[in-house]
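Dear colleague,

I am handing over the structure we spoke about, and I would be grateful if you could look through it with the notes below at your side.

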Amino acid sequence: MPSKICTSKPVSGKFLKLLSYIVLLLTLVSCAALNSLRAPIVTPTASATSTPTATVTATFTPSLTPTPTDIPILCGGPATMYILLVGSDARSNSYKVGLSDSMRVVRIDFTGPRLQVITFPRDLYVEIPELQDHHGITHGKLNQAYLYGNPGYNYYDGPGQGPGLLALTLEHNFDVHVDRYVAVNLKTFVNIIDKLGGIDIDLPHTVDGRVKHSKDPNRYFPTGKQHLNGYRTMLLARVRPQGDFKRIEIQNLILQAVAEKMLKPESLLKLLEVVRTFTGSVQTDIGFNEFTQLLCLTSKLETKNIVFNNFPDNLFKNGRVQDPVLGNTSIVEADFDVLKGFVDSFNHGNWPRSPDDHQRPPDP
């Protein structure tokens, strides 16, 4: 596996500030007209059993009048909120069938304020809970959890459908906490980019996603600046000629380009139109209260308090397993106890502690 392709790298304050608006955009679109959320709206709940489950609080109690010894909680929000962001590879305008093509968890600290994001590789081979009664499935790639939970397969009887099972799987394997989720399929992603008028991106290297002997210009992205419509942006986000971890870096550049486009005056005027256009086009359980809290907090975030992380690449290696559904398939292997150490620090808001800490795991 290429070195140093998964580890977070120091980035500019402008980049971090712009990326924070991506979370806001997803929230805006997911809330749509702010009162017409699409089903399913049932979310994972805490379990009393010994198996960790995705914990979700349906209603938050704001601390509007903190005592002198309390840390003030801003914007009427909870102390922290964790949002699971899912990019679904579903090509239709529904969420019945589709793998989670990208998975990020956002930790939002309403007392800082602070925002942190962590990305999980899609090919990690994990235990998927609560599926034993469905064809004897106990394990799979992380992105399969989202697929099995959605209505097309309907292997999961718990709350939240695909996002609920993915949240449960993340917590079961890595102790990841999830309060809310937003999933966006390919068609909606393409339409959002087109509604914004496309994006302008500056690629540090050529990305060639064409198969052998193909001359398809849409899947070839040269080094340097270029304008992409929604379709080509989607292709760039999905192709991975250099592997999944390198694709994560490209996806971060796409997020930056989308955020820069959003902040242009002409795009800001289009934002409410984007929201209205895609009412009901995302899968989410974010409600009006959470939306207003997030909208309020975004204006208060400083760039130094916005951190986007990936696990160090040296924690992972390629492998193969005999999967009951996929057969002999390639996977990503890792020591889950080490990953849990990073997640524990992420959950407590102290990873990384400095730029150098990207290169080493947190203290036990």
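What follows is an account of the fold, the disulfide, one helix pair and the salt bridges.

Please keep in mind throughout that this is a predicted model. The chain is built from nine helices and 14 strands, and 54% of its 364 residues count as buried. If one takes the contacts between residues at least 6 apart in sequence, 69% of them join residues at least 24 apart. One example of two positions separated along the chain is given by Val 307 and Val 106, which are 201 residues apart in sequence while their C-alpha atoms are separated by 9.9 Å. Val 307 belongs to strand E12, residues 306-310, and is buried, with a relative accessible area of 13%.

The structure holds one disulfide, which joins Cys 75 to Cys 296 with an S to S distance of 2.1 Å. The torsion about this S-S bond is about -70°, so the disulfide is left-handed. The pair links distant parts of the chain, 221 residues apart, since Cys 75 sits in the loop between helix H1 (13-31) and strand E1 (80-88), whereas Cys 296 is in helix H8, residues 288-298. Cys 296 counts as partly exposed, at 28% relative accessibility.

Next, the helix pair. H5 and H6 pack with their axes 8 Å apart and at an angle of about 150°; because angles over 145 degrees count as roughly antiparallel, that is the description that applies to H5 and H6. On the H5 side the contact is made by Thr 233, Leu 236, Ala 237 and Arg 238, and on the H6 side by Arg 247, Ile 250, Gln 251 and Ile 254. Sorted by class, the contact of H5 with H6 has four nonpolar, two polar and two charged residues.

Which residues are linked in a network of salt bridges? They are Asp 89, Asp 101, Arg 122, Asp 123, Lys 141, Arg 238, Arg 240 and Arg 247, and two of these names, Arg 238 and Arg 247, also appear in the contact between H5 and H6.

In total the structure holds 13 salt bridges. In one of them, the side chains of Arg 240 and Asp 123 meet at 3.2 Å, N to O. Arg 240 lies in the loop between helix H5 (230-238) and helix H6 (244-262), and Asp 123 in the loop between strand E3 (114-119) and strand E4 (125-127), so the pair ties together parts that are 117 residues apart in sequence. The two partners are unlike in accessibility, for Arg 240 is partly exposed at 34%, whereas Asp 123 is buried, with a relative accessible area of 9%.

Two further salt bridges can be set beside that one. The side chains of Asp 109 and Arg 107 meet at 3.8 Å, N to O, and both Asp 109 and Arg 107 are buried. Asp 216 pairs with Arg 219, with the closest N and O atoms 3.5 Å apart; here Asp 216 is partly exposed, with a relative accessible area of 24%, and Arg 219 is likewise partly exposed, at 29%.

With kind regards

Notes. Residues numbered from 1 in each chain as written. Predicted model: local features only at pLDDT ≥ 70, side-chain atom pairs only at ≥ 80, totals over all residues. Heavy atoms only, no water. Salt bridge = Lys/Arg side-chain N within 4 Å of Asp/Glu carboxyl O. Buried < 20%, exposed > 50% of the residue type's maximum accessible area, 1.4 Å probe, protein only. Helix = DSSP H or I, 4+ residues; strand = E, 2+ residues; numbered from the N terminus. Disulfide = S-S within 2.5 Å. Axes fitted to C-alpha atoms, helices over the stretch in contact; angles between N-to-C directions. Parallel < 35°, antiparallel > 145°, perpendicular 65-115°, else oblique. Contact = heavy atoms within 4.5 Å. Nonpolar A, V, L, I, M, F, W, Y, C, P; charged D, E, K, R; others polar.
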